[in-house]
Amino acid sequence: MQKTIDLLKQSDELRIIEDELDIYLEIPHLAYAEVKKKDGGKALLFTNVVDKKSSKKFDEPVLMNLFSSYKRCELLFGRTIESVADEITKLLHMKPPAGILNKISLATELFALKNVFPKKLKGEGACQELKFYGDDIDLYKLPVLTTWEQDGGPFITMGQVYTQSLDGEMVNLGMYRLQVYDKNHLGMHWQIHKDSSHFFDQYQKAGKKMPVSIAIGGDPLYTWCATAPLPYGVNELLMYGLITKTPAKLVKSLTTPLYIPQDVDYVIEGFVDPANLKIEGPFGDHTGYYTLEEPYPVLEVSAMSMKKERTFLATVVGKPPLEDKYMGWATGKIFFPLLQTTTPDLVDYHMPENAGFHNLIVAKMKPLYKGHAKQFMHAFWGVGQMSFVKHAIFLDEKAPDLESYEELSRYILNRFSPKSLFITEGILDALDHSSPESLVGGKLGIDATQEYSVEKVELLSDDALFSKVKELVTDVQALKQYMTDTKNPITVITLEKTQTAKIYFDALVSLQKYMKIVVFVDAKKNDINNPYMLIWRVTNNIDAGRDIFITEELIGVDGTNKSKIDGFTREWPDDVDCTASVVASLKERGIWDLDEELLEYYQL
């Protein structure tokens, strides 16, 4: 990590904070605020780290927001993201050479690929300079953060989790949150659809303990590789070799058969007993909500090792935008060529960060025949991590740039009709809270590749329309219209809800000559003038099979929190919010420097 810190300093991408700060809330709150700044702010190095609860001062600094800007991503990759994507495209389309010069060129390229494969070294690595076994194992020696007040405890956020199949033939590198239960036990939040969970199933059926090694730090690309959506059974560290042109150099763990990069800062090793599950959570997550308590496997730590000079790497998850915005940007660009192998007429795609990535994808394609967009929807919902996407909008290749949100929204709304909608059901991310049951729920597809003839509404002012709505729905608190210059303006209504949104929608059908799309949200905790956070709220809160209402002329979207009123039997989680007293303390000490307007805008 020291090389990375030096690189950040040279590039003026690092803010060093020398004030004494607590691993409980203070450090993560500051990192959370920093990434909300223009262009993602700077990486933060906390050099005076303490645990006030135990009166402990840590030797090592904590590094955060490492990837949280486009500039830093490319700095850490050591090359442009596009160049990596181009290289993957070239590999996927490699053809037998026709002439001698082409054969020589191909041989050179293939020879260079030898550096893609990780290299196992003999002996120990720098990551094993300090070793701890038995009673000397103590996870509390690490400055593991507690990010949010309602979190179930401290958890490791940037752990590289190395696992292997029961027969040892396949290895996996993933990233999962890791709750610290005590000095030698970690919660393994590998969700049911993840590769490590597939391996775990094998050990569970065999009745054997599963080895796990967890690394923290080292080259930042190891951490990014842990998030790479490679096909099942493909070693994620191959991406490290592809990007850097040097193989990842690995050493064997002290007590497990797994190999880890020799230059990481920390290694935690152990075994998971398939018969031992424990409640994990709740934790604030990248959805901006707390995920609920659920049983997950437990790692009993058999050894810890670390560098003498080390840095603890961490991130923070919560409401957007956050570091995952930039990591996701790099991932999307790099793996676009792989996605095109399934959907060859795909032109581009984008996952807006304020929709929590899996909650919304917009994509350009070349529509070649009737129903082509629906075919793409099925393809997306059946491919790897894309299968978790809840809402997908497909546009033709003439559509505006996918990140020009206002222009793009107009393009979609001018082509839209209720006939554009396709609602189905599929698997959901384990973090999704909105569906009637966990892991499966409604999916919404919108085909905007063709333009529909739609009658324009009779526009009223917000005040005039509010008066008409209030006569029919007394629980309405506020109303605002968006995109009124399009064929399908959006009317957002806030409610003090006393009945289901479907009842409110049915009451408003008589006003359909004034409205096309009606979106309902709770009055509490929603700013009707803040479309960025309204999109965050609505895409998180809806299950398409339950919350989309359709007539021939009017569409309703229920973005409210669900409860017994709606027949919702699961627990509805709280928003992730900063602890006001912590923010006040940081302000008083002159450490918190986020503009108040941004604090309000991002609803910290």
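In this predicted model, a hairpin of six residues links strand E15 to strand E16. E15 covers residues 249-252 and E16 covers residues 259-261, and the two pair in the antiparallel sense, with three bridges between them. One place to spot this pairing is Val 251, which sits opposite Ile 260 in E16. E15 also has a partner in strand E7 (residues 119-120), but here the pairing is parallel and rests on two bridges. Lys 119 has Lys 249 of E15 as its bridge partner.

Strand E3 (residues 43-46) is another handy place to look at how strands line up. With strand E1 (residues 14-17), E3 pairs in the parallel sense, over four bridges; Leu 14 is matched with Ala 43 of E3. With strand E6 (residues 62-64), E3 runs antiparallel, and three bridges hold the pairing. Here Leu 44 faces Met 64 of E6. The side chains of E3 split two ways: Ala 43 and Leu 45 point one way, Leu 44 and Phe 46 point the other way, and all of them are buried.

What about a charged residue, Lys 319: is it buried or exposed? Lys 319 lies in the loop between strand E21 (312-313) and helix H9 (323-342). Its relative accessible area is just 2%, and buried means under 20%, so Lys 319 counts as buried. Once neighbours within four places in sequence are set aside, its contacts come from several parts of the chain, including Tyr 32, Lys 36, Gly 288, Met 533 and Trp 536. Asp 575, Val 576, Asp 577, Tyr 602 and Gln 603 are also in contact with Lys 319.

Zooming out, the protein as a whole contains 17 helices and 31 strands. Of its 604 residues, 57% are buried. Among contacts with a separation of 6 or more, 72% are between residues 24 or more positions apart. The C-alpha trace spans about 75 × 70 × 50 Å along its principal axes. How does the radius of gyration fit a compact globule? A compact globule of 604 residues would come out near 25 Å, and the protein has 25 Å, so the two agree.

The surface and the charges round things off. The accessible surface comes to about 25,100 Å², and carbon and sulfur atoms account for 52% of that. There are 67 positive and 86 negative side chains, and the centres of these two sets are 4 Å apart.

Terms used: Residues are numbered from 1 along each chain as its sequence is written. This is a predicted model: local features need pLDDT of at least 70, side-chain atom pairs count only at pLDDT 80 or more; totals for chains, interfaces and linings use all residues. Side-chain values use heavy atoms; hydrogens and water are left out. Buried means under 20% relative accessible area, exposed over 50%, partly exposed in between (1.4 Å probe, protein chains only). Two strands pair if DSSP finds at least two bridges between them. The radius of gyration is taken over C-alpha atoms; the globule rule is 2.2 Å times the number of residues to the power 0.38. Contact means heavy atoms within 4.5 Å. Accessible areas come from the Shrake-Rupley method with a 1.4 Å probe; for residues, only the protein chains shown count as cover. Lys and Arg count as positive and Asp and Glu as negative; His and the chain ends are not counted. The place of a charge is taken as NZ of Lys, CZ of Arg, CG of Asp or CD of Glu.
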